Amino acid sequence: ASMSAASRGAAAAALAAAALAYLMAARRLRARTLRCRIAPATVERLLFGASTLAGFTYAPCDRETALAAVRRALDLGIRAFDTAPHYGLGLSEARLGEALRLYAGDRPVRIWTKVGRYLLSRAVCDAAIAAGELDREAVEWENMCGHPGCIFPGTDPSLAEVADFSALGAARAHAGSTGRLQLAAPVVLAGQRVHDPDTSG
């Protein structure tokens, strides 16, 4: 009976210690969360989404407007930009790269673009399909100029977009993006995300 009482006492003490540890941890976590919430926002935490440099949802964006938007963002302290081959079939990347070459100066800027889609000319695309080298289902016809589903009005009608999440597809996307962006230090390509990974099958 005495051993049973001792065991119960030890268990109660362990439970009390665990409860105290939990409460202390919760208090520390709550304090950290509160400090995070009241921390002043800074522009370094903002990222400029550059899809609209190619126009978006049927609203055109000309070159001058696109360049001016990037210049204004830089003047306001934005130092991070996101783009993708998908945005206007390379037009967003090309305009973003041009604007940064013109206006970034010696300000360090980080760029993110995406893989999962690469671009090629319509002529090459059609020839590859005819030769059986490219699956017609991999071509994203709805994103091409002239298709009613295309939401980028500035899309180049001579280009096609291919969905490809393979290593080779990622390499092709990377090569195309770096060619369109033409970045030079201190502007750097910080990374490439997978675009719409939920559609990769």
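## Salt bridges around Arg-117 and beyond

Arg-117 has a relative accessibility of 8%, so this residue counts as buried (under 20% relative accessible area; exposed is over 50%, partly exposed in between, with a 1.4 Å probe and protein chains only). You are looking at a predicted model, in which local features need pLDDT of at least 70 and side-chain atom pairs count only at pLDDT 80 or more, while totals for chains, interfaces and linings use all residues. Residues are numbered from 1 along each chain as its sequence is written, and side-chain values use heavy atoms, leaving out hydrogens and water.

Which residues pair up with Arg-117 in salt bridges? Glu-140 is one partner, and Glu-161 is another. A salt bridge here means a side-chain nitrogen of Lys or Arg within 4 Å of a carboxyl oxygen of Asp or Glu. By this rule the count comes to 8 salt bridges, including these:

| Pair | Closest N to O |
|---|---|
| Glu-140 and Arg-117 | 2.5 Å |
| Glu-161 and Arg-117 | 3.8 Å |
| Arg-180 and Glu-93 | 2.6 Å |

In the last row, Arg-180 lies in helix α5 (residues 167-181) and Glu-93 in helix α3 (residues 91-103), so their bridge ties together parts that are 87 residues apart in sequence. Helices (H or I, at least four residues) and strands (E, at least two) are DSSP runs, numbered from the N terminus.

Are these two residues buried or partly exposed? Glu-93 is buried at 0%, whereas Arg-180 is partly exposed at 21%. Back at Arg-117, both partners are buried too: Glu-140 at 12% and Glu-161 at 0%.

Finally, Arg-63, Glu-64 and Glu-98 are joined in a network of salt bridges.
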